[in-house]
Amino acid sequence: MSESESSEAPAAGKDRILLIGRRNGAIGAARRCGWKPVVIDVQPRREQAPGAFGGTRKLAVEEAMERFSKCPPIAVAAVATGSVMAAAAIRNRFGIPGLAIETAKRCHDKLVMKKAIAAAGICCAPWVETNETTTAEELIEKLGLPVVMKMPISSGGRGVWVCSTEAELREHLRAGWLAEGFVEGVEMSVETFRANGSTVFRNHTRYLKPCWANVVPAALPDEVAAKVDELAERVHAALEIDTGISHMEIFLGKDGPVFGEIAARPPGGYLMELMARAYDFDPWEALLRLAAGESYSFPNRAKRFAGCWIIHPGTGTVRKIEGLEEARALTGVADITCKLQPGEKISHRVGSGQSKGRIVVVAEDGDACAEFLMDALGTIRITMDDGNAELCQP
């Protein structure tokens with residue numbers, strides 16, 4: 001379950017930082033800071049299966065106590081899906097500052113989160129906590145169609161079903177789940193760094209294609225950006241997120257921004273890399289230094305725009321991959337990685353974290369960034385066994 005990135009024993013000194021979850025960006029940043037990272041991996045499993053996400057925290061705490069029995073780590077950082085509860089529990093056992101257990105729960109369980117948001121009077125989608133007697137007809141009467149059914153503990157688009165008909169809703173209705181009314185609006189995200197109860201950096205991300213393509217930063221009108229920031233401040237205060245990084249999804253509706261959900265950990269979708277390229281700073285180093293109680297000098301504004309499109313060809317067997325070198329030579333393309341191989345069998349993509357590569361571009365404005373991504377997307381051709389040559393499937 002765990003792995004030390006150094007051969008020295010944890011008792012060798014107080015230069016070790018504990019990373020909950022495996023993210024190469026965090027490991028590299030720890031080394032650049034002169035620390036010796038130790039990883040306790042809490043790899044996500046099928047949603048709500050035994051041991052999934054926060055269910056691993058007992059094992060993680062036991063292992064951390066054993067590995068750091070003689071000398072505690074300088075900090076504990078949650079860096080991956082399923083790591084927030086375990087990191088909070090470990091910090092509590094060692095008496096290390098950071099996100100509190102109760103706050104972690106509010107950012108881990110969507111039902112607990114929604115109740116706290118509703119109690120604070122923050123605008124969010126109408127919702128219902130289902131039970132054994134909840135019916136599809138009742139949900140449609142209260143929420144209308146479509147109804148979004150969510151497992152309370154899930155992430156990355158997993159455990160979520162958008163039910164457009166009563167039959168679909170009956171199929172996915174379970175007791176103890178979160179049923180939400182559909183929010184009309186443009187989906188986006190907000191990444192926030194907090195230290196000592198104050199916001200020290202914030203980024204707005206444009207979802208060019210939700211779960212597939214992002215552009216950083218989102219070019220919002222000043223009035224809209226101010227409302228988004230106001231909502232973010234209210235959410236962080238309501239959930240008592242006073243330290244670390246968060247990734248909050250919102251919808252820009254006709255009456256203003258609407259809260260979706262929030263995770264108190266680094267985002268996926270290559271957003272950490274995009275922030276680094278757009279703002280010229282290392283968000284991984286920033287996260288770890290704040291976790292260690294140090295200060296960090298954040299940039300005031302982005303210097304350029306950066307975009308990413310995730311590569312995944314859908315279900316089937318890969319037959320041919322073409323156009324990679326042509327795409328790499330296009331204007332604005334900073335990097336393209338593709339892990340696909342001819343003959344490889346690909347399963348259905350069930351979450352935004354599943355990737356077979358990515359296209360990364362940079363540009364002087366957001367619209368050009370989107371155009372560069374589309375140009376590269378149209379140049380790469382992946383042929384599957386059914387003759388499908390689409391780069392990605394919705």
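Which residue stands opposite Val128 in E8? The residue opposite Val128 is Ala179, and the legends below begin with the sheet that contains this pair. The model shown is predicted.

**Figure 1. The four-stranded open sheet E5-E8-E6-E7.** Pairing within this sheet is antiparallel. Strand E5 (127-129) and strand E7 (160-163) are at the edges; each has a single partner strand, so one side of each is left without a neighbour in the sheet. On average, neighbouring strands are turned by 20° against each other, direction ignored. Three bridges join E5 to E8 in the antiparallel sense, and Val128 faces Ala179 of E8. Helix H5 lies across E5, strand E6 (147-150) and E8, and runs at about 130° to E5.

**Figure 2. The salt bridge between Glu180 and Lys114.** The closest N and O atoms of this pair are 2.6 Å apart. Glu180 belongs to strand E8 (residues 178-181) and Lys114 to helix H5 (residues 110-119), so that distant parts of the chain, 66 residues apart, are linked. Both Glu180 and Lys114 are buried. A network of salt bridges links these two residues with Lys110, Lys150 and Glu261. The count of salt bridges in the model comes to 28.

**Figure 3. The three-stranded open sheet E17-E15-E19.** The strands of this sheet pair in the antiparallel sense. Strand E17 (345-346) and strand E19 (381-384) are the edge strands, each pairing on one side only. Strand E15 (residues 316-322) is joined to E19 over four antiparallel bridges, and Lys320 has Thr383 in E19 as its bridge partner.

**Figure 4. Salt bridges at Glu322 and Glu344.** The side chains of Glu322 and Arg381 form a salt bridge with an N to O distance of 3.8 Å. Because Glu322 lies in strand E15 and Arg381 in strand E19, the pair ties together parts that are 59 residues apart in sequence. Glu322 counts as partly exposed, at 29% relative accessibility; Arg381 is also partly exposed, with a relative accessible area of 35%. In the salt bridge of Glu344 with Lys356, the closest N and O atoms are 3.0 Å apart. Glu344 is in the loop between strand E16 (333-338) and E17, and Lys356 is in the loop between E17 and strand E18 (357-363), so this pair ties together parts 12 residues apart in sequence. Lys356 has a relative accessible area of 23% and is therefore partly exposed.

**Figure 5. The largest nonpolar core, of 44 residues.** Leu18, Ile20, Ile90, Val235, Leu239, Phe259 and Ile262 touch the most other members of this core. The element that gives the most to it is helix H3 (residues 84-94), with eight residues. Neighbours within four places in sequence aside, the contacts of Ile262 are Cys107, Met113, Val235, His236, Leu239, Ile241, Ser246, His247 and Met248. Another core, of 34 residues, lies apart from the largest one and includes Val39, Ala77, Leu274 and Cys308. In soluble globular proteins, nonpolar side chains tend to be buried together.

**Figure 6. Stretches with pLDDT below 50.** The protein chain has a mean pLDDT of 91, with 90% of its residues reaching 70 or more. Residues 6-13 have pLDDT below 50, and this stretch has 13 contacts in the model beyond near neighbours in sequence. Over residues 45-54 pLDDT also stays under 50, and the model has 28 contacts for them beyond four places in sequence. Where pLDDT is low, the predicted coordinates should not be read in detail.

How values were computed. Residues are numbered from 1 along each chain as its sequence is written. This is a predicted model: local features need pLDDT of at least 70, side-chain atom pairs count only at pLDDT 80 or more; totals for chains, interfaces and linings use all residues. Side-chain values use heavy atoms; hydrogens and water are left out. Two strands pair if DSSP finds at least two bridges between them. Helices (H or I, at least four residues) and strands (E, at least two) are DSSP runs, numbered from the N terminus. pLDDT is the predictor's confidence in each residue, from 0 to 100. Contact means heavy atoms within 4.5 Å. A nonpolar core is a set of buried Ala, Val, Leu, Ile, Met, Phe, Trp, Tyr and Cys residues joined through side-chain atoms within 4.5 Å. Buried means under 20% relative accessible area, exposed over 50%, partly exposed in between (1.4 Å probe, protein chains only). A salt bridge is a side-chain nitrogen of Lys or Arg within 4 Å of a carboxyl oxygen of Asp or Glu. Axes are lines fitted to C-alpha atoms, for helices over the stretch in contact, and angles run from 0 to 180 degrees between N-to-C directions.
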